[in-house]
Amino acid sequence: MAGNAIDQTRRMLSLVTYLRERPGARVADVARAFGITEDELIGDLDVLPMCGTSFRGGDLLDIDTDGDRIWWHNPDASGTSTGEPLRLAADEATALLVAARAVATLPGLREGDRNALVRATAKIEAAAGETAGASSRLSVTFESEGGVFADVDRAIAERRRLWVRYYSPARDELTEREVDPVRLFAVGHTYMEAWCRLSEARRTFRLDRVAEIRLLDEPADPPPVEPRDLSAGLVQPAAEDPEVVVEVGPGGRWVAEYYPHDSAEELPGGGLRITLRTPDPASLRRLALRLGRDGRIVSPPELAASAREAAREALAAYGE
């Protein structure tokens with residue numbers, strides 16, 4: 001399985017050299033060589049075409065696959081065969097320096113990685129000359145998720161357990177728990193997949209909902225689990241989950257884009273009648289409150305009544 005973000009970066013750098021030496025390599029053989037699944041390899045191949053010596057025409061890696069073999073149509077794009085030195089345009093040098101300085105300030109970054117980044121930044125500044133001056137007038141700061149990401153990434157790399165205080169919107173509460181992190185991944189937001197010692201089960205945590213995090217000295221020891229298949233999205237309702245029907249107006253059509261659903265029927269006036277499934281229908285009360293005048297829960301009746309009561313309580317509290 002794929003490891004943390006740094007492991008993936010190292011793997012992709014090795015992948016470039018591997019594929020240059022093996023034109024038409026089979027997907028199954030490459031995945032086996034790198035110890036990852038074919039789906040994970042395809043994910044890497046989707047990212048590589050966005051890499052290159054610059055974002056100008058012809059400099060990005062032209063790599064694709066037909067599902068069986070991998071083809072690299074411009075292997076000289078990496079510049080190794082021509083021997084030409086890498087030249088950064090002013091905008092590229094500025095963007096690279098600003099990003100490097102921002103990453104170097106991330107809490108939780110391993111000291112060896114931070115020192116290597118500082119040395120590399122100094123070399124880029126020297127090579128950029130006057131261009132480096134513009135970057136010194138710009139700065140980037142990461143939101144709190146950046147620090148959480150760094151701690152999780154470090155915990156995965158060092159195989160350490162984490163203590164987290166986590167907000168659950170479905171229950172509207174903060175819980176404290178110890179977890180053994182397994183991997184980081186992004187599906188719209190950034191998530192940590194981990195073995196939760198509180199529930200003794202695999203759980204997924206959204207990083208921007210982590211209120212507090214602490215690395216523990218205790219080693220992480222998650223039981224062996226297969227990585228979740230995320231090809232169909234993070235939320236994958238089961239056929240046996242309860243059915244919920246929501247009707248929305250034109251201002252609530254976004255629900256069909258963000259919630260997996262069985263059907264979305266057009267209604268007069270530009271609205272939608274959306275049928276979806278969820279293992280926890282009560283969690284949709286928040287959706288009803290968020291929609292306000294733009295939508296309502298139609299069924300099941302008990303959920304519709306509960307949502308109306310929650311709305312009345314919210315209005316009463318607002319009036320007070």
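**Figure 1. Pairing in the three-stranded sheet.** Two strands are taken as paired where DSSP finds at least two bridges between them, and in this predicted model β1 is joined to strand β3 (residues 69-72) by two bridges, the two strands running antiparallel. One of the positions to look for in this view is Ala25, whose bridge partner in β3 is Ile70. The open sheet to which these strands belong has three strands in the order β1-β3-β2, and its pairing is antiparallel. Because β1 (25-26) and β2 (63-65) stand at the edges with a single partner strand each, one side of each is left without a neighbour in the sheet.

**Figure 2. Packing of helix α2 against helix α3.** Two packed helices are described by the angle between their axes and by the distance between those axes. For helix α2 (residues 27-34) and α3, the angle is about 100° and the axes lie 9 Å apart. With an angle in the range of 65 to 115 degrees counting as roughly perpendicular, α2 is therefore roughly perpendicular to α3. On the α2 side, the contact is made by Val27, Ala28, Val30 and Ala31, which meet Glu38, Leu41 and Ile42 in α3. By residue type, this contact of α2 with α3 divides into six nonpolar residues, no polar ones and one charged residue.

**Figure 3. The buried and exposed faces of helix α3.** In helix α3 (residues 38-47), the buried residues are Glu40, Leu41, Asp44 and Leu45. These residues cover an arc of only 145° around the axis, and they are therefore on the same side of α3. On the face of α3 that is turned away from this buried side, the exposed residues Asp39 and Asp46 are found.

**Figure 4. Surroundings of Val148 in helix α7.** Val148 has its place in helix α7 (residues 144-158), and with a relative accessibility of 7% it counts as buried, since the limit for a buried residue is under 20%. Once neighbours within four places in sequence are left aside, Val148 is in contact with Leu207, Val210 and Ile213. The view also includes Ala211, which is 63 residues away from Val148 in sequence, while the C-alpha to C-alpha separation of the two residues in space is 9.1 Å.

**Figure 5. Strand β4, its partner β8 and the loop residue Arg159.** Of the nine residues of strand β4 (residues 160-168), seven are buried, so that this strand is largely enclosed by the rest of the structure. Six bridges join β4 to strand β8 (residues 210-219), and the two strands run antiparallel; within this pairing, Arg160 has Pro219 as its bridge partner in β8. Arg159 is found in the loop between α7 and β4, where its phi is near 55°, a positive value in a residue other than glycine. Arg159 is exposed, with a relative accessible area of 64%.

**Figure 6. Glu200 in the loop between β6 and β7.** The loop between β6 (189-196) and β7 (201-206) contains Glu200, which has a positive phi of about 50° although it is not a glycine. With a relative accessibility of 46%, Glu200 counts as partly exposed.

**Figure 7. The four-stranded sheet and the residue Thr275.** An open sheet is formed by four strands in the order β10-β11-β9-β12, with antiparallel pairing. Its edge strands are β10 (263-267) and β12 (295-299), each of which pairs on one side only, and the twist from one strand to the next averages 20°. Strand β9 (residues 243-248) is joined by six bridges to strand β11 (residues 271-277), the two running antiparallel, and Val244 has Leu276 as its bridge partner in β11. Thr275 is also found in strand β11 and counts as buried, with a relative accessibility of 11%. Not counting residues up to four places away in sequence, Thr275 touches Glu243, Val244 and Val245, as well as His261, Asp262 and Ser263.

**Figure 8. A cis peptide bond ahead of Pro300.** The peptide bond that leads from Ser299 to Pro300 is cis, with omega near 5°. Pro300 has its place in the loop between β12 and α10 (301-319).

Key. Residues numbered from 1 in each chain as written. Predicted model: local features only at pLDDT ≥ 70, side-chain atom pairs only at ≥ 80, totals over all residues. Heavy atoms only, no water. Buried < 20%, exposed > 50% of the residue type's maximum accessible area, 1.4 Å probe, protein only. Arc of directions from axis to C-beta. Axes fitted to C-alpha atoms, helices over the stretch in contact; angles between N-to-C directions. Contact = heavy atoms within 4.5 Å. Parallel < 35°, antiparallel > 145°, perpendicular 65-115°, else oblique. Nonpolar A, V, L, I, M, F, W, Y, C, P; charged D, E, K, R; others polar.
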